[in-house]
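I opened a fresh notebook page for this one. My plan is to go through the charged pairs, the core, the rings and the surface, in that order.

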Amino acid sequence: QERVSFADIISILLYCNFDVYQRKWSETYRKISTDETNESLKERHSNFYHASKRLRNFVEVYGFRLIAKESDNIKFYHGVNKELYFKQTMAQFHCPLSTSTEIQVAMH
């Protein structure tokens with residue numbers, strides 16, 4: 001397994017500890033309007049290229065796929081301000097996504 005680099009740690013710390021930076025970074029994974037061109041989106045994302053590459057590499061090497069059994073009843077929170085109910089959720093995310101099993105963490 002690869003060793004964690006200093007740059008990997010910095011990208012994780014930036015993403016996890018600086019809300020405005022994280023928000024601006026995450027916004028580069030989607031168009032800001034239907035009028036935005038692909039070139040504009042790529043240009044915005046290019047400002048976060050190295051940090052994105054490091055974070056993705058870290059997740060690919062050290063992350064794991066979460067497969068829960070129905071009986072596990074695991075709850076995940078993501079910047080929530082109200083409770084939403086779904087009978088079943090199946091999702092794939094191809095961008096950074098901050099979640100927690102602790103509601104107090106997601107609320108701050």
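**Entry 1: salt bridges.** Before looking, I fixed my term: a salt bridge is a side-chain nitrogen of Lys or Arg within 4 Å of a carboxyl oxygen of Asp or Glu. I also noted that this is a predicted model. With that rule, Glu36 and Arg44 qualify, their side chains meeting at 2.7 Å, N to O. Are these two buried or exposed? I checked, and both Glu36 and Arg44 are buried.

My search of the whole structure gave three salt bridges. Another one joins Arg54 and Asp8, with 3.5 Å from N to O. I looked up where the partners sit: Arg54 is in helix H4 and Asp8 in helix H1, so this bridge ties together parts 46 residues apart in sequence. The accessibilities were worth writing down too. Asp8 is buried at 3%, while Arg54 is partly exposed at 36%.

The remaining entry on my list is Glu60 with Arg56, at 3.2 Å from N to O. Both lie in helix H4, four residues apart, about one turn of the helix. Glu60 has a relative accessible area of 52% and is exposed; Arg56 is exposed as well, at 52%. I added a reminder to myself that side chains of opposite charge can pair when their charged atoms come close.

**Entry 2: the overall layout.** I stepped back to count elements and found five helices and zero strands. Along the sequence the pattern reads α-α-α-α-α. The protein has 108 residues, and 18% of them count as buried. I then asked how the contacts are spread along the chain. Among those with a separation of 6 or more, 57% link residues 24 or more positions apart.

**Entry 3: the core.** Which residues make up the largest nonpolar core? I listed six: Ile12, Tyr15, Trp25, Phe48, Ala51 and Leu55. Helix H1 (6–17) and helix H4 (49–62) are the elements that give two or more residues to this core. I picked Ala51 for a closer look and, leaving out residues up to four places away in sequence, saw that Ala51 touches Ser11, Tyr21 and Trp25.

**Entry 4: aromatic rings.** I counted five aromatic pairs. In one of them, Tyr21 and Trp25 have ring centres 5.6 Å apart and planes at 70°, so I logged the pair as edge-to-face. Both residues lie in helix H2 (residues 19–27), four residues apart. Trp25 is buried, at 0% relative accessibility, whereas Tyr21 is partly exposed at 27%.

Phe58 and Tyr62 form another pair, this one tilted, at 5.0 Å centre to centre and 40° between the planes. They are four residues apart in helix H4, about one helical turn. Phe58 is partly exposed at 23%, and Tyr62 is partly exposed at 28%. I also wrote down one aromatic cluster, formed by Tyr15, Tyr21, Trp25 and Phe48.

**Entry 5: the surface.** I finished on the outside. The accessible surface comes to about 9,600 Å², and 55% of that belongs to carbon and sulfur atoms. Where is there a nonpolar patch on the surface? I found one made of Val4, Phe6, Ile9, Ile10 and Leu13, with about 440 Å² of accessible area together. Ile9 sits in helix H1 and is partly exposed, with a relative accessible area of 38%.

Note on methods: Residues are numbered from 1 along each chain as its sequence is written. This is a predicted model: local features need pLDDT of at least 70, side-chain atom pairs count only at pLDDT 80 or more; totals for chains, interfaces and linings use all residues. Side-chain values use heavy atoms; hydrogens and water are left out. A nonpolar core is a set of buried Ala, Val, Leu, Ile, Met, Phe, Trp, Tyr and Cys residues joined through side-chain atoms within 4.5 Å. Buried means under 20% relative accessible area, exposed over 50%, partly exposed in between (1.4 Å probe, protein chains only). Contact means heavy atoms within 4.5 Å. Patches are made of residues with over 30% relative accessible area and no salt bridge: like charges are joined within 9 Å, nonpolar side chains (Val, Leu, Ile, Met, Phe, Trp, Tyr) within 5 Å. Accessible areas come from the Shrake-Rupley method with a 1.4 Å probe; for residues, only the protein chains shown count as cover. Rings of Phe, Tyr and Trp (its six-membered ring) pair if their centres lie within 6.5 Å; planes under 30 degrees apart count as stacked, over 60 as edge-to-face and the rest as tilted.
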